[in-house]
Structures are given as structure tokens and as C-alpha cells.
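This report describes selected features of one protein structure, from the backbone to the interior and the surface. The sequence and the structure are shown first.

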Amino acid sequence: MDKILLSHGGGGEEMNKLINEIIFKAFENEILSDANDSAILPNFGSDMAFSTDSFVVTPLFFSGGDIGKIAVCGTVNDLSMVGAKPLYLSCSFIIEEGFELSKLKEILNSMAKTAKQSGIKIVCGDTKVVPRGKCDKIFINTAGIGQILAKDIEVKNIKKGSKILLSGDVGRHGSVILAARDEIALESELKSDCKPLNLVVEEVLKNGIKPQCMRDATRGGLSAVLNEFASVSKCEILVFEEKIKVCDEVVGVCELLGFEPYELANEGTFVLVVDEDKADSCLEILRKFDESANIIGEVLGEVTGGDTARVILENAYGSQRVLELPKGELLPRIC
């Protein structure tokens, strides 16, 4: 690998190699190497979580959201995935000369609305303007700080017999972006699933359920998350295709353009691994927020003999196939 390709930002195998073999190696430390969605900072009296993300989605405005909404949700959700309550957000803009002020105001209003919905405050930031052609309209970076509500929610905790839950249906955000870029006329009002997840996570924790781990299924989709779970825990995972909700519109877009719905990005759907005896009560809470939530699979156990842990997808007829980590250029600038 001598040059960066678009596939290095897609959430699949190439991005994993870039992060693990080059970026992590440059900044190696014990906090970064945990590879959580947010860094756990232990030296503040009570543990704090810290996360940052940059947003370059195109188009800027799409059905169900915009770059401003995604910028708040992305960092809020990363904090939530480590069991933290999001408190404060920073926000930085890189704006291209000539960008319409009316669109900037619309983005800012969307960010303010989403922050209020999430119960957080945007407290600092920065603005840079670059010459025309040096940036594609507007890029946004957000960083967030949150207070840990439940400690030690990490992928390394996954164990045999645990259940895997999904908080909603999959592929909506990726399908909406695909349809917008390719000018596909959808017969329904398919909307991105973009939304903050902190309230549902806090409800799960408040009811005495501590997930072993959580991940929001963004770039690389459900496939990327499940393969990360298998790789880090070294446990084989079985998921049932009929339990994973995919709406008809997403199926249609995937069939038309040749995509796998499990690889498409989501911006308001997350995966949890919980103890078997907590799975039903956890599902009951998730369905208060999204009726599409379901228990989609289980952890089979650790592989031995140096074999690679796999994610096995079983269909309604009992046939099985390996659900692989996404490869190649999936869909650039999805968030």
C-alpha cells in the first residue's frame, strides 16, 4: 500500500489495516489500543469518555437528515457505545468560499435541534474558510465528552452463550445516500435512520442491563461490526438472516445496484451483546424506541487451534454462509 484509496475510508478490511497497522502504530498508547468507539479517560475523579469524528457526507441534505444532524449524532452515538452520557460537544467547520449562507444556517439549526434532543451543549468550536475548489462545500468536525455511566463495556468481554441484539432495521442510511446520488426515484418516503442513541442506551443501563459491548453500525454496516466482534473476542458468531430486519425499499436498492444490505451504513442503529438471561428484557426496552429491534444471533464460543473466528449467517432454510468483512470501495463519503 503506497497510496491512500477511497476504500481506506469505507469501513471494511482496507480501513482496518490503515488504522491498525499505520495510524495506531504511530500514536501507540494504552488508551488508543483499546480501540473503543470513544477513549476512556480514567484520571478525572469519575471516568470520562472522549470522542471525535469528521463529517464529509454527500449530498449535504438527504431524506431524514443532513450533515449537521449526522455531525451531532455521530459523536453522541460513539460516546453512548461505551456506556457514557454525552455532556459537551465541540464543533469545527471547514467552509468553501461561495457556500450559501442560507444552507449554513439550515445546517446550524439542524445541529442545534439535534443537540437539544440529545440533551447536550455545543460549547466551543472553530471556523475556517478555504478558497473555492479547495473543499467540497462544507466539512464538519465534532468532538465530545461524556461521563461513564457503566464501566467496562468493551468487545473483549464477549463470551460464549451471549445473545446479539440489533436496535433496528439495517441499510436505510446507505440506501438513502445511494438513491440520492444515483437519482433513483423511490416509490416510498424512505428515510435515513440517522438519530441520537444516547436515550435508548441510558434506558437500557437504567434498567440494570449492562451490555458486554455495543457498537453503532456505521461504515461497513452490520457486517463490519459483527466481524470486529468475532476478531477481537476470537469467538465464532451465528446470526439468523430472518431475524435481521431489512425494509423492502432497501432490498430494492441493493438488488438494483448490487450491494449487500448488511454492509450498508447506518446512522442510528447499534448492535449489543448481552448475557443470555438479560436478552428478552433488553429487547423489550429496545422495542420501545424501534419496533424493528430483534435478537439476531448468539456467540458460539472461542475458536481453537489457530483458526480464524467467523461470522456465520444462517437463512430460513438452515443453509449457512460466512458473512465476511466488507472489502473494496463500498460507498465513499457516507457520513
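## Backbone exceptions

Where is the place of Lys234? Lys234 sits in the loop between helix 6 (221-233) and strand 10, where helices (H or I, at least four residues) and strands (E, at least two) are DSSP runs numbered from the N terminus. The model is a predicted one, in which local features need pLDDT of at least 70 and side-chain atom pairs count only at pLDDT 80 or more, while totals for chains, interfaces and linings use all residues. Residues are numbered from 1 along each chain as its sequence is written, and side-chain values use heavy atoms, with hydrogens and water left out.

Most residues other than glycine have a negative phi, and most peptide bonds are trans. Lys234, although not a glycine, has a positive phi of about 60 degrees, and at 47% relative accessibility it counts as partly exposed (buried means under 20% relative accessible area, exposed over 50%, partly exposed in between, with a 1.4 Å probe and protein chains only). Arg333, in the segment after strand 14 (320-322), has a positive phi of about 55 degrees and is likewise not a glycine; its relative accessible area is 26%. The peptide bond from Thr58 to Pro59 is cis, with omega near 5 degrees, and Pro59 lies in the loop between strand 2 (48-55) and strand 3 (61-62).

## Strand pairing

Strand 12 (residues 294-302) pairs in the antiparallel sense with strand 8 (residues 163-166) over four bridges, pairing being assigned if DSSP finds at least two bridges between two strands. Within strand 12, Glu298 is the residue opposite Lys163. Strand 10 (residues 235-240) also pairs with strand 12 in the antiparallel sense, over five bridges, and here Cys235 stands opposite Glu302.

## Nonpolar cores

The largest nonpolar core (a set of buried Ala, Val, Leu, Ile, Met, Phe, Trp, Tyr and Cys residues joined through side-chain atoms within 4.5 Å) has 36 residues, and those touching the most other members include Ile67, Phe93 and Met111. Among the elements that give two or more residues to this core are helix 2 (67-80), strand 5 (84-96) and helix 3 (101-118); helix 2 gives the most, with six residues.

Apart from this core lies another, of 25 residues, among them Ala230, Cys235, Ile237 and Val239. Leaving aside neighbours within four places in sequence, Phe93 has contacts (heavy atoms within 4.5 Å) that include Leu108, Met111, Ile138 and Ile140.
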